[in-house]
2 protein chains.
Amino acid sequence: MSLATGLTQAERTERSDQLMLEAAVELINERGTRGTRLKDVGIRAGYSRGLAGQRFGSIENLFAFVLRRVGDEWLDHLMQATRDQTGTEAVSRALDEHYRFCVDAPHHVQTFYTLWFESVSAGSELADHIRSIHRRRHRDVLTWICKDPCIRDEVKADADAIAAQFCSTVIGIVYYWLANPEDLSGTRARHESLKRFMCERLQ
Amino acid sequence: MSLATGLTQAERTERSDQLMLEAAVELINERGTRGTRLKDVGIRAGYSRGLAGQRFGSIENLFAFVLRRVGDEWLDHLMQATRDQTGTEAVSRALDEHYRFCVDAPHHVQTFYTLWFESVSAGSELADHIRSIHRRRHRDVLTWICKDPCIRDEVKADADAIAAQFCSTVIGIVYYWLANPEDLSGTRARHESLKRFMCERLQ
DNA sequence: CGAGAACTTATTTGTTTCGAGCAAGTAAGT
DNA sequence: ACTTACTTGCTCGAAACAAATAAGTTCTCG
């Protein structure tokens, strides 16, 4: 029985990429990075035990692939939510979107941040990619502060420290969410109080 | 040639525990958790390839052992630094000690927090232990706030949110340090501005 | 123009190496 | 002699890569 699909080679590759992405997301979320096997990704995706290894070359490259795919999706959402906003409005929208994504698309967010925290483990090949995301985030927050016409100059002079605190606190909130996924109200409360504290600080 | 050490069995165990602990710390810091092998821990510690496996049973149990050993050391330091302090003094001391530990004992702190972040990966057996540390930290900060005679009641009414923000931000700062170990001034600046923001908030 | 061959790429299966985990053995202490 | 710390042997599973097979693409020739 022929398994011809009628797809082009490129379409076949994209299809298997997508199926293996979803399989990897599931497996990382179920078993963590240390329990995720290339073999299982291939099989879970409906292919052979060897395809993931053939396609990605290593588990690290698979993680990098997943991070890019999932991270791009998430960063797009964040950018849409804060487009053309500055100051407290941008902060509020970012935090609302952040929380909403935790609620609505938990699987991809869980994977994204699992890999995010994985990146600080020695030898991780994700570090450079994540570092660039960090810098981007920090710069975005800095821009929200410095471009806002309502924020006083003395606050703007402290923008770098405020942005650093904000980004650090978001990391900690995400950590809380990953560690306590059933406690959405605790996660929400942390988003809300960070919003409150930031709004106070930016007045 | 006899390898008799003149130690009791208990002393022999403690010695090998300690040597394997140090080996594990080195290996985790060099290679990350995913690159750390029970075999290598045994050999690095000066024993056979099989001892770590025999002693700990699994890599997960080794990590739990390391976390307890290193974490107890670190938590002792933190407790000494904040003993009998409340309010902004406790906060400042905790942050100073936190930063100082990053500078003076980076290897153990790196390992501790590497495992800390590892614990949010699915399937990690460290999660419960870390969760209890979290609760403890949160409660400590809450106590610092509520027991301080100089903090106003309206601030005390918000103590839970403030404590949650503080703990979250510390996590983010640690993350920054792990991701940017060469940038001690950035880590120090984050500690200092968190100190500043907390002191403002607690007035 | 269409069929089939040649070529390229996607996917599968085979094979080797390495580490985990546990059993069996040896060394050191009681 | 007995118990416990540590070592070595052995089996199995996964990674990584090679070799093979399947599917799509392009070219050639009747």
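The following exchange examines how several descriptions of this predicted model are justified.

Me: Why are α1(A) and α4(A) called roughly perpendicular to each other?
Reply: Helix α1 (residues 9-31) and helix α4 (residues 59-82) of chain A pack at an angle of about 95°, with their axes 10 Å apart. Angles of 65 to 115 degrees count as roughly perpendicular, and the two helices are therefore described in that way.

Me: Which residues make this contact, and how do they divide into nonpolar, polar and charged?
Reply: From α1(A) the contact draws on A:Glu14, A:Asp17, A:Gln18, A:Leu21, A:Ala24, A:Val25 and A:Ile28, and from α4(A) on A:Leu62, A:Phe63, A:Phe65, A:Val66, A:Arg69 and A:Val70. They comprise 9 nonpolar, 1 polar and 3 charged residues.

Me: What makes A:Ala24 a buried residue?
Reply: Its relative accessible area is 0%. Since buried means under 20%, A:Ala24 is classed as buried. A:Ala24 lies in helix α1 of chain A and touches A:Val41, A:Leu62 and A:Val66, with residues up to four places away in sequence not counted. The C-alpha atoms of A:Ala24 and A:Val66 are separated by 7.5 Å, although the two residues are 42 apart along the chain.

Me: What makes the pairing of A:Arg34 and B:Glu118 a salt bridge?
Reply: The side chains of A:Arg34 and B:Glu118 meet at 3.3 Å, N to O. The criterion is a side-chain nitrogen of Lys or Arg within 4 Å of a carboxyl oxygen of Asp or Glu, so the pair qualifies as a salt bridge. The count between chain A and chain B is 8 salt bridges, and the contact takes 45 residues from each of chain A and chain B. The area buried between these chains is about 3400 Å², with carbon and sulfur atoms giving 50%.

Me: Why is A:Lys195 called buried, and A:Glu192 partly exposed?
Reply: A:Lys195 has a relative accessible area of 14%, and A:Glu192 is at 31%. Buried means under 20% and exposed over 50%, with partly exposed in between; A:Lys195 is therefore buried, and A:Glu192 partly exposed. The two residues form a salt bridge, the closest N and O atoms being 3.4 Å apart. Both lie in helix α10 (residues 184-202) of chain A, 3 residues apart, about one turn of the helix.

Me: How do you know that A:Glu154 is exposed, whereas A:Arg152 is partly exposed?
Reply: A:Glu154 has a relative accessible area of 57%, and the value for A:Arg152 is 39%. Exposed requires over 50%, and partly exposed falls between that limit and the 20% limit for buried. Hence A:Glu154 is exposed and A:Arg152 is partly exposed. Their side chains meet in a salt bridge at 2.4 Å, N to O.

Me: What makes A:Asp84 and B:Asp84 exposed?
Reply: Relative accessibility is 74% for A:Asp84 and 72% for B:Asp84. With the limit for exposed set at over 50%, A:Asp84 counts as exposed, and so does B:Asp84. A:Asp84 is found in the loop between α4 and α5 of chain A, and B:Asp84 in the loop between α4 and α5 of chain B. A:Asp84 has a positive phi of about 65° although it is not a glycine; phi of B:Asp84 is near 65°, likewise positive in a residue other than glycine.

Notes. Residues are numbered from 1 along each chain as its sequence is written. Chains are lettered from A and ligands numbered from 1 in the order in which they are written. This is a predicted model: local features need pLDDT of at least 70, side-chain atom pairs count only at pLDDT 80 or more; totals for chains, interfaces and linings use all residues. Side-chain values use heavy atoms; hydrogens and water are left out. Axes are lines fitted to C-alpha atoms, for helices over the stretch in contact, and angles run from 0 to 180 degrees between N-to-C directions. Helices (H or I, at least four residues) and strands (E, at least two) are DSSP runs, numbered from the N terminus. Angles under 35 degrees count as roughly parallel, over 145 as roughly antiparallel, 65 to 115 as roughly perpendicular and the rest as oblique. Contact means heavy atoms within 4.5 Å. Ala, Val, Leu, Ile, Met, Phe, Trp, Tyr, Cys and Pro count as nonpolar, Asp, Glu, Lys and Arg as charged, and the others, Gly among them, as polar. Buried means under 20% relative accessible area, exposed over 50%, partly exposed in between (1.4 Å probe, protein chains only). Buried area is the accessible area (1.4 Å probe) that two parts lose on being put together, summed over both.
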